[in-house]
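Reader: I'm in my first year and still learning how to look at charged side chains. Could you take me closely through one part of this model and show me how the pairing works there?

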Amino acid sequence: MKLLITGSNGFVGRNLTVHLDELIDSDYVTFTRKDSLEDLPRLLENVDCVVHLAGVNRPKADDEFIKGNTEFTNALVSAIENTGRALPIIYSSSIQAERANPYGISKLNAENAIVEYGARNDVAVRVYRLANVFGKWCKANYNSMVATFCYNICRDLPIQINDENAEVKLVYVDDVCAELIRMARQISANQAAKDVTYGKVEPVYTATVGEISQALSDFKASRTSLVTERVGDGFTRKLYSTYVSYLPTESFSYKVPKYGDERGVFVEMLKTKDSGQFSFFTAHPGITRGGHYHHTKNEKFLVIKGKARFCFRHMVTGEFYELFTDGDTPEIVETAPGWSHDITNVGDDEMVVMLWANEIFDREYPDTYAAPVQPPELQQ
């Protein structure tokens, strides 16, 4: 598969070429603003498909819409036909083509030129009317609300909201790239119908401007509260990844509180809204931590450095159990409700232990009750 990609140094183009670079069965040539129309015949040699991303969306004057969108598309179509080959075209249009504004009209005219080309040459054409595309590498303070909000919020700069209840439809740039590559594969392998089709990039997300700005502000606040949003799935996952991509390099790291005493230190790393929290602690040789039980809370311990003895005592039967782990052999130790438990550093060096609890610690309802654990030989 060899592609000609117009607008390859734009937002979608940069993402697409990086995705293509990861594949072993694809090649591409690019057309950017640095190139001229005279370069097209050379660039079109041995190409299997044209992915047309180039366009103008924020010119200084409205007539640039026609020049950058409609007229360039006409020139591209003519250049393809002049090669004597009927090459399939994948065109990145906009939902604005449904609206009677200068930008939308120019995109609709470009669509029509490509549709007519496909019908005239009996070749596959795919037009994608994209919603607002968001993701990494989009230029901030230009024509993307998400990019501008991300850039400004993570730098403590103000954002302007005219109507927080206005709904916006969005698609994620990686989903766009995946669909363009999927379709390019089909077309290049002659597995796509030779017709004109309006393709779809899914999923399409709908959110209000206020919801987006609030989510981004919550992402920023999570570095202070340590409580992360639910960033593992769906729109929130993609929006969070986008937000992080706009962080300045000096914000790639941030401090978290450290609490220490004669036993060692304790550091909370991350708290979640529905999956507990993560932390770590240290203990000096001979130090015992814990000595309490829980009714509902449970924890997972992983010794990553040093040697540990875990002791457990059933709060009703008095049954005693102990086990030993060390950092050389990763082993998760899980506490069970109703069993008092502690951990002792039985090595000669500092012990470091990762800890997960299934709930965020609540000082008002800690579900933690002191109950020292003693081996049978020390019990009276």
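Author: Let's begin with Glu 334, which is partly exposed, with a relative accessible area of 41%. Keep in mind that you are looking at a predicted model. The partner of Glu 334 is Lys 300: the two form a salt bridge, and their closest N and O atoms are 3.0 Å apart. That distance counts because a salt bridge needs a side-chain nitrogen of Lys or Arg within 4 Å of a carboxyl oxygen of Asp or Glu. Lys 300 is partly exposed too, at a relative accessible area of 31%.

Now find both residues in the fold. Lys 300 sits in strand β15 (residues 299-305), while Glu 334 belongs to strand β18 (residues 332-334), so this pair ties together parts that lie 34 residues apart in sequence.

Why can such a pair arise at all? Side chains of opposite charge can pair when their charged atoms come close.

For another example, turn to Arg 263 and Asp 261, whose side chains meet in a salt bridge at 2.9 Å, N to O. Arg 263 is partly exposed, with a relative accessible area of 29%, and Asp 261 is partly exposed as well, at 35%. You can also look at Arg 42, which forms a salt bridge with Asp 39, the closest N and O atoms being 3.6 Å apart.

These pairs are among the 14 salt bridges that the structure holds.

Key. Residues numbered from 1 in each chain as written. Predicted model: local features only at pLDDT ≥ 70, side-chain atom pairs only at ≥ 80, totals over all residues. Heavy atoms only, no water. Buried < 20%, exposed > 50% of the residue type's maximum accessible area, 1.4 Å probe, protein only. Helix = DSSP H or I, 4+ residues; strand = E, 2+ residues; numbered from the N terminus.
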